[in-house]
Every structure is written in structure tokens, then in C-alpha cells.
Amino acid sequence: MLQKPRGTRDFLPDEMEARRAVEWRLRDVARRWGYREVCTPEFEDLELFTMRSGEGIIGEMYVFEDKGGRKLALRPEITAAVIRMYINEAKVAPKPLRWCYFADCFRYERPQKGRYRQFWQFGVELIGADTAIADAEVIMLAADMLNATGVRYELKVGHLSFVKNLLKDVEPALQRTIRAQLDKKDFEGLKATLDGMNRPELAESLMTIVSCQDLKKAFEIAGDIPERERIEQTMGYLDAAGVRYSLNLGIARGLDYYTGIVFEGFADNLGAENQILGGGVYRLAHLFGGDDVASCGFAIGFDRVMVSLGETARTKETVAAIVCTDEGRTRALAVARAFRDAGIRTEMDLMGRGFGAQLGHAAKSATFAVIIGQREAASGEVTLKNLQSGEQKTITLEAALAEVGAVGSRG
Ligand code: HAM
């Protein structure tokens with residue numbers, strides 16, 4: 001028997017309904033903040049992703065050559081593509097641009113729970129606003145979106161300049177190693193790296209800064225940081241808005257385009273793969289032939305949010321099953337039409353089942369049975385049976401529509 005490719009998933013209807021419900025909650029929040037949806041291709045020129053990150057990233061991607069010999073990659077994320085699109089299509093549009101997307105990404109990773117080779121991101125990019133209030137807006141939106149899903153999480157906000165300042169005379173490759181160690185709070189590894197560089201004195205200030213919850217103290221340790229005012233303003237806006245976050249100046253972020261504020265969200269109830277959101281301030285446009293526009297954005301790992309929500313994300317829709325006798329069938333078709341027109345999910349027997357078997361099947365799959373026998377076909381009424389309580393009554397079509405519709409909108 002053929003199986004799906006490693007790291008991919010099939011979604012049955014129950015799961016798709018739960019996913020769509022959460023997706024729509026995210027869409028609704030994005031819309032209320034003025035973020036409008038965009039769509040970019042599933043594959044891009046490989047160069048779009050290697051330009052900033054180098055050839056090393058190829059090992060983590062699905063890369064292929066098309067029949068014309070072009071080197072392409074399935075997108076591992078959407079930000080680079082959105083900025084390419086901004087330069088191609090919207091460079092002259094009034095700023096700032098508030099864009100969002102819900103799309104699948106592909107990464108050649110070792111699959112495990114919460115880590116897939118095909119996964120979905122709900123992301124936003126705010127392009128062309130280089131201010132503290134812009135950075136704060138994006139973080140407030142991130143919190144609003146996660147709140148709307150119902151997931152329990154912790155939001156960590158940091159800024160790259162603190163560690164950067166402490167490491168300003170360290171060569172870039174070693175900076176990267178140290179950043180990764182700080183991000184993981186791997187202090188043993190950090191000490192070994194610093195000893196190897198003959199800079200053991202850096203250990204204390206680096207370790208203090210990544211655990212520091214007091215912004216003032218962090219500035220004292222890190223020394224003169226040109227972005228100080230902007231950072232204080234951004235955090236000030238977040239505090240004023242009541243955003244719940246903790247300071248984490250050790251956040252490094254995996255992708256290399258970030259330049260300022262960075263932030264990450266972590267679900268309370270997930271294991272190793274508990275990061276459900278990542279983002280920050282970045283610059284990419286100049287690499288793709290555009291102006292050096294500042295941007296800020298984030299992406300929510302939609303699949304991880306769904307894993308975290310588990311059963312609580314399941315939705316139960318009201319279903320009306322039309323149950324009829326042969327004499328009632330023509331009338332039943334009209335009744336089904338009326339139910340569907342009223343927005344109610346309505347199903348009819350297609351298997352030639354007898355009246356009793358139809359009712360038995362309805363009990364397994366529906367909330368209400370709408371019974372149309374000879375009597376109902378003649379009178380124009382319907383017999384409505386609540387399949388949960390067993391209660392049954394013969395009423396007008398309008399009354400039945402109102403009753404089933406009311407349960408639908410409550411559910
Ligand atoms: P990222 O942190 O690489 O950032 O990915 C964002 C989120 O996608 C992660 O926090 C995680 O929840 C989810 N994710 C990543 N890899 C996987 C996977 N293999 N399986 C399931 N979920 C995964 C970005 O992609 C940036 N483009 C975010 C951004 C937007 N920065 C600025 N704008």
C-alpha cells in the first residue's frame with residue numbers, strides 16, 4: 001500500500017474543520033488590525049533563499065531543477081518571498097504595507113511530533129515603518145493572534161544589539177556559535193568557546209544579560225547601544241498595552257535576516273518542539289534589488305498551535321439528516337433545499353436505505369432527523385427529532401428551521 005511522503009500528513013474532515021476554525025480566528029484578528037492577505041508561489045528561485053543565508057541552507061530545503069534547468073526550491077518560509085513580491089509589485093505603494101499570509105512551507109527536517117516537512121504558517125509582514133510603535137504593533141498583533149486561538153503560551157521579547165555589542169570585536173563565525181549557545185542557554189558550551197578564544201572574561205556579562213529581566217540593568221551591562229531609545233519606547237508601548245511578555249536578550253533566531261527586536265512564543269504544553277511563533281525586525285529588500293526598507297513580521301507555526309490545542313479545537317457542527325419514505329421523497333428534496341438555504345448542514349440518504357435504516361444512520365451522524373413520511377408530505381409539516389434528547393414533534397417547516405438554526409448558532 002502506498003503511503004504519504006515522510007514528514008507530511010493527511011487531514012480527515014474532523015481535523016480540517018478544527019484547523020479551519022482556528023485559521024479563521026487568526027484571519028479575523030489580522031483583518032481587524034488592517035493586515036491584508038497576499039499569496040506567493042510555492043516554489044521560488046533557489047537564489048532567493050541562499051542569497052542571505054548562504055549555500056548551507058540547501059541541506060534544509062527541497063531543492064530541484066526544472067525541465068528548463070532552473071534551480072528552484074520549495075519555500076522553507078514566506079518572508080523572503082513576500083519581500084521579493086513587494087519589490088516586484090508594490091515598491092511604490094503607500095507605506096506602510098500591512099500584509100498577511102496563511103501558507104504551507106517545506107523544510108527537509110527530521111520529522112517528529114510538531115516538526116514536519118510540510119507545515120503551515122500564519123504570518124504577517126509590516127513593510128516600510130521603521131519606528132518603535134511599528135515594532136510594538138507587530139508584537140501586540142502576535143499576542144492578539146495567539147490569544148484568539150486559545151493556546152496557552154509564553155511570549156519572549158529580545159533585541160539583538162545587546163549580545164552584538166558585547167561581541168563587537170569577535171569574528172562573525174564565532175559570534176554565531178556564541179549566539180546559538182546563548183539561545184539554548186548552553187553555558188558549559190559557551191565557556192568552552194570563550195576559553196578557546198582566550199576571552200573567558202566575557203562569560204559573566206553574557207550569561208547575566210541573557211537572564212536579565214531589567215532593561216536598565218541590561219543597558220548598563222551591554223554598554224552604549226545606539227538603538228537604546230527605540231528599544232525603551234517599544235517596550236514602553238508593550239507595557240502600556242498590557243502585553244504579557246518576558247525579556248529575553250539571548251534570543252538569536254535561526255534565520256539570519258533579523259536586525260533589531262526579535263521575539264518568540266512558546267506553548268506551555270508541548271515538548272521539544274514548543275516554539276509556536278517567531279519573528280522580529282529585519283532587512284531583506286536591498287538584497288533583492290530594492291530600497292533598504294525596514295520591515296517587521298512574524299510567523300505562527302499553525303500545526304504546533306493545533307497540536308497544543310488538541311481536542312479543545314474540535315468543533316461540532318449541527319447536522320440535519322432528512323429521513324423520508326418513498327412517498328415523502330419529492331417533498332424531502334424541497335425541505336432539504338430550505339434547510340441548506342438557511343445555512344444548515346443537511347444530508348439525505350443516497351443509498352436506497354429503508355426508513356428505519358435511514359433513522360439508524362442519522363442517529364450516528366446527525367444532530368436532528370427531519371422526518372417526512374406520507375402524512376408530512378400531505379400536510380406540508382415536518383417531524384423534527386432531536387437525536388440527542390430523543391424528543392420528537394410535528395411542526396411547520398419554518399418552526400423546524402428556526403429550532404435547528406438556533407441550535408446551530410449556539411454550537
Ligand atoms: P521560523 O521561526 O523559522 O520563522 O518559523 C516560524 C514558526 O514556524 C516556528 O516558530 C514554528 O512554530 C514553525 N515551524 C518551523 N519549522 C517547522 C516545522 N518543521 N514543522 C512545524 N512547524 C514549524 C520564520 O519562518 C520567519 N519567516 C518568521 C518571520 C516573519 N520573521 C519575520 N517575518
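**The ligand site, the second largest pocket and two backbone details**

In this predicted model, a polar backbone atom of Gln275 sits 2.7 Å from an oxygen atom of the ligand. Such a pair is a polar contact, meaning two N or O atoms within 3.5 Å; within protein, one must be able to donate a hydrogen and the other to accept it, and residues adjacent in sequence count only if both atoms are side-chain atoms. Two further backbone contacts can be traced in the model: a backbone N or O atom of Tyr116 is 2.8 Å from a nitrogen atom of the ligand, and one of Leu277 is 3.5 Å from an oxygen atom of the ligand. Of the 660 Å² of accessible area that the ligand has on its own, the protein covers 96% (Shrake-Rupley method, 1.4 Å probe).

The shell around the ligand holds 26 residues, the closest being Glu77, Thr79, Glu109, Tyr258 and Gln275; a residue belongs here if one of its heavy atoms lies within 4 Å of the ligand. Strand S10 (275-282) is among the elements giving two or more residues, and S10 gives the most, with six. Strands are DSSP runs of E with at least two residues, and helices are runs of H or I with at least four, numbered from the N terminus. By type, the shell has eleven nonpolar, eight polar and seven charged residues.

Residues are numbered from 1 along each chain as its sequence is written. Local features need pLDDT of at least 70 and side-chain atom pairs count only at pLDDT 80 or more, while totals for chains, interfaces and linings use all residues; side-chain values use heavy atoms, with hydrogens and water left out.

The protein chain is divided into domain 1 (13-34 + 83-313) and domain 2 (319-409), with bounds from an automatic or database domain assignment. Their centres, taken over C-alpha atoms, are 51 Å apart. Because both domains give residues to the lining of the second largest pocket, this pocket lies between them. Helix H1 (13-32) and helix H13 (355-365) each supply at least two residues of that lining.

Two backbone details complete the picture. Most residues other than glycine have a negative phi, and most peptide bonds are trans. Lys95 and Pro96, however, are joined by a cis peptide bond, with omega about -5°, and Pro96 is placed in the loop between helix H3 (79-89) and strand S5 (97-106). Lys185 has a positive phi, near 55°, and is found in the loop between helix H6 (172-183) and helix H7 (187-196).

Technical notes:
Ala, Val, Leu, Ile, Met, Phe, Trp, Tyr, Cys and Pro count as nonpolar, Asp, Glu, Lys and Arg as charged, and the others, Gly among them, as polar.
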